[in-house]
Amino acid sequence: MALSSCTLTLSHSSLRRHVHKYTTTIHLAPPPSPPPHWNLPNPPVLPFRRLVSFPPYIPCSSLISATAPLLQDAGATATVLAGAYSLVRTFDTLTQRNLIQQSLSRKLVHILSGLLFAACWPIFSTSTQARYLASVVPLVNCLRLIVNGFSLVTDEGLIKSVTREGNPQELLRGPLYYVLILILCALVFWRESPTGVISLAMMCGGDGVADIIGRRFGSLKLPYNQHKSWAGSISMFICGFLISIGMLFYYSALGYFQLDWTWTIQRVALVALVATVVESLPITEVVDDNITVPLVSMVVSMLSFGY
């Protein structure tokens, strides 16, 4: 038993020496210590100062969309103004060549100027400044009438085209009232109400045609006004009514008005009748027809159409 213990002890000692001979001890180096922390002070906070002020960014598309209506209205104003000037010059040339009489030339300018002006309103944009730029056209003509009426300048073609007797002071009466009514209709009613269109149709078409027909076929005078004739009054009612309906149809076709035509025809006939009666009254020496006819037409139209 003792012999066996000794043998095991000896064998165990030999085994340890044998394993130790082939065993290599690996010494792992400790991890490096982290670098020291530098406690630097926080940088000072400097006050912010804007040296240059820049405007807000506006996309190019917004600028184009904003200026497009203005350019359209400016172009339309220039076109209508050139057309109005050409119209007067054309009838002045016809009068100088004795192709038409001066009285006929004056009435044709009276008829066409206002109607063509109203017919050109749709070429302006839908912006809020459109009516103001359109009013520049009669405003320029208004200034021409004033400077020629006071003889500050002399435009013989203008005087012969729109006066009865070639007197420059006539420009300060009927023709001046005429362009003021054009400005009023453009600024107040524009394309939003039939009232402006009907008023211009009665003043330009109805009253203008009445004078032409009355001078040629007006032998039978009205019993209460020897300066007016049955032919002139009847022609004013018919032509004023038809031109008003035509202008309303024109604007309705372009989508500005939505009208019940049976009801509209009755109302327009009423406006034409009242305007014809007022035009026939013997008050021309007191109040010009270019004031009474459109103003009465405005009142009756507004009462009839409600706007």
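**Figure 1. Asn98 and Ser151, two loop residues with positive phi.** Asn98 is placed in the loop that runs between α2 (60-96) and α3, where helices (H or I, at least four residues) and strands (E, at least two) are DSSP runs numbered from the N terminus. The model is predicted, so that local features need pLDDT of at least 70 and side-chain atom pairs count only at pLDDT 80 or more, while totals for chains, interfaces and linings use all residues. Residues are numbered from 1 along each chain as its sequence is written, and side-chain values use heavy atoms, with hydrogens and water left out. Most residues other than glycine have a negative phi. Asn98, which is not a glycine, has a positive phi near 60 degrees, and with a relative accessibility of 69% Asn98 counts as exposed; here buried means under 20% relative accessible area, exposed over 50%, and partly exposed in between, with a 1.4 Å probe and protein chains only. Ser151 likewise has a phi near 60 degrees, a positive value in a residue other than glycine, and Ser151 is placed in the loop between α5 (136-149) and α6 (156-162).

**Figure 2. The chain and its elements.** The chain holds 11 helices and two strands, and from the N terminus on its elements follow the order α-α-α-α-α-α-α-α-β-β-α-α-α. Of the 307 residues in the chain, 38% are buried. Among the contacts with a separation of 6 or more, 74% join residues that are 24 or more positions apart, a contact being a case of heavy atoms within 4.5 Å.

**Figure 3. Aromatic rings that pair with one another.** A pair of aromatic rings is described by the distance of the centres and the angle of the planes. Rings of Phe, Tyr and Trp (its six-membered ring) pair if their centres lie within 6.5 Å, and planes under 30 degrees apart count as stacked, over 60 as edge-to-face and the rest as tilted. By this rule there are nine aromatic pairs. One of them is the edge-to-face pair of Phe117 and Trp121, with 5.7 Å from centre to centre and 85 degrees between the planes, and both Phe117 and Trp121 are buried. Another is the stacked pair of Phe237 and Phe241, with 6.5 Å from centre to centre and 10 degrees between the planes. Because Phe237 and Phe241 are four residues apart in helix α9 (residues 230-253), about one helical turn separates them. Phe237 is partly exposed at a relative accessible area of 29%, whereas Phe241 is buried at 18%. Ring pairs also link Phe117, Trp121, Phe124 and Trp190 into a cluster.

**Figure 4. The second largest pocket and its lining.** A pocket is found on a 1 Å grid over the protein atoms alone, as an open set of points where a 1.4 Å probe fits, with protein on both sides within 12 Å along at least five of seven lines, and its lining residues have an atom within 4 Å of a point. The second largest pocket contains about 200 Å³ of space, the volume being the space filled by probe spheres set on the points, which are joined across faces, edges and corners. Its lining is made of Gln101, Ser103, Leu104, Lys107, Asp211, Ile212, Ile213, Arg215, Arg216 and Phe217. The elements that give two or more residues to this lining are α3 (102-119) and α8 (194-217), and α8 supplies the largest share, six residues. Four lining residues are nonpolar, two polar and four charged, where Ala, Val, Leu, Ile, Met, Phe, Trp, Tyr, Cys and Pro count as nonpolar, Asp, Glu, Lys and Arg as charged, and the others, Gly among them, as polar.

**Figure 5. Thr195, Ser244 and Tyr256 with the residues in contact with them.** Thr195, in helix α8, is buried with a relative accessible area of 0%. Although Thr195 and Ser301 are 106 residues apart in sequence, their C-alpha atoms are 5.3 Å apart in space. Leaving out residues up to four places away in sequence, Thr195 touches Phe189, Met298, Ser301, Met302 and Tyr307. Ser244 lies in helix α9 and is buried at 0% relative accessibility; beyond its neighbours within four places in sequence, Ser244 is in contact with Ile198, Ala201, Met202 and Val268. Tyr256, in the loop between α9 and α10 (261-280), is partly exposed with a relative accessible area of 30%. Not counting residues up to four places away in sequence, Tyr256 touches Pro122, Arg191 and Tyr251, and the C-alpha atoms of Tyr256 and Pro122, 134 residues apart along the chain, are separated by 9.1 Å.
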